[in-house]
Amino acid sequence: MEKSTNELLEILKSKKTYQEFLDQEIGELVFSSLSEYLEMLINEKSLKKSDIILRSNLDKNYAYQIFNGNKTNPSRNKILMLAFGMGLSLNETRKLLKIASQSDLYVRSPRDSLIMYCLNNNISLITCNEYLSDFNFELLE
């Protein structure tokens, strides 16, 4: 967070729609839970949970527990898998990790930098796992 609360309030007042504010200032907002942030992203991107689950390769029941807020502490790998399933940007993924109380992606970490590369280039989870395997890194599973 870089802007003060007062700065955000002034920006909010100047916007014609809340969506315009949300689009520009999402990185400055604080969410009360992982499921709340996921729901906001799903609505904002007009995604279907079933499609996310398919692309993320997560177990259906496990994924719905995350979406519903019943699974409150999913692993870092599971969060990253969700990010790939949702087609999130690198910045959105980093915010998702933060909200999930997981460590940020670190560019100096060889595995993390490869994951960052994949996210930044909109590479699928399957292809990312192939790259991870090529370099003998732990897969996202």
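**Before the views.** Helices are DSSP runs of H or I with at least four residues, numbered from the N terminus. The model shown is predicted, so local features need pLDDT of at least 70 and side-chain atom pairs pLDDT 80 or more, while totals for chains, interfaces and linings use all residues. Residues are numbered from 1 along each chain as its sequence is written, and side-chain values use heavy atoms, without hydrogens or water.

**View A. The largest pocket and the helices that line it.** Welcome to the first close-up. The largest pocket (an open set of 1 Å grid points over the protein atoms alone where a 1.4 Å probe fits, with protein on both sides within 12 Å along at least five of seven lines) has a volume of about 590 Å³. Its lining (residues with an atom within 4 Å of a point) holds 23 residues, and those closest to the pocket centre are I26, G27, E28, N91 and K95. Three elements each give two or more residues to this lining: α2 (18–25), α3 (34–44) and α7 (90–99). Of these, α7 gives the most, with six residues.

**View B. E28, one of the residues closest to the pocket centre.** Here we zoom in on a single glutamate. E28 is among the residues closest to the centre of the largest pocket, and its place is the loop between α2 and α3. Is E28 buried or exposed? With a relative accessibility of 12%, E28 counts as buried (buried is under 20% relative accessible area, exposed over 50%, partly exposed in between, with a 1.4 Å probe and protein chains only). If you want a sense of scale, follow the chain from E28 to L132: the two C-alpha atoms are 32 Å apart in space, and the residues are 104 apart in sequence.

**View C. α7 and its buried face.** This view stays with the helix that gives the most residues to the pocket lining. Buried residues of α7 are L90, E92, T93, K95, L96 and L97. Where do they pack? The partners of the buried residues are α3, α6 (76–86) and α8 (110–120). One of the buried residues, K95, is also among the residues closest to the centre of the largest pocket. Just after α7, look for S101, which takes a positive phi of about 60 degrees.

**View D. The E25–K3 salt bridge.** How many salt bridges does the structure hold? There are seven (a salt bridge is a side-chain nitrogen of Lys or Arg within 4 Å of a carboxyl oxygen of Asp or Glu), and this one joins the side chains of E25 and K3 at 2.7 Å, N to O. E25 belongs to helix α2 and K3 to the segment before α1 (5–14), so the salt bridge ties together parts that are 22 residues apart in sequence. E25 is buried, at 5% relative accessible area, whereas K3 is partly exposed, at 33% relative accessibility. Apart from neighbours within four places in sequence, E25 is in contact (heavy atoms within 4.5 Å) with K3, L8 and I11.

**View E. The K45–E92 salt bridge.** Now we return to α7 for another pair. The side chains of K45 and E92 form a salt bridge, with N and O 3.1 Å apart. Distant parts of the chain are linked here: K45 sits in the loop between α3 and α4 (49–56), E92 sits in helix α7, and 47 residues separate them. K45 counts as partly exposed, with 28% relative accessibility, while E92 counts as buried, with 16%.

**View F. The E10–K13 salt bridge inside one helix.** This pair keeps to α1. E10 and K13 form a salt bridge whose closest N and O atoms are 3.6 Å apart. Both residues lie in helix α1, and their spacing of three residues separates them by about one helical turn. An α-helix has 3.6 residues a turn, so residues three or four places apart point the same way. E10 is partly exposed, at 47% relative accessibility, and K13 is exposed, at 56%.

**View G. Two asparagines with positive phi.** To finish, two loops are worth a visit. N57 lies in the loop between α4 and α5 (60–68), and its phi is near 60 degrees, a positive value in a residue other than glycine. N57 is exposed, with a relative accessible area of 59%. N122 is found in the loop between α8 and α9 (125–134), with a positive phi near 55 degrees. N122 is exposed too, at 62% relative accessible area.

Key:
Grid points are joined across faces, edges and corners, and a volume is the space filled by probe spheres set on the points.
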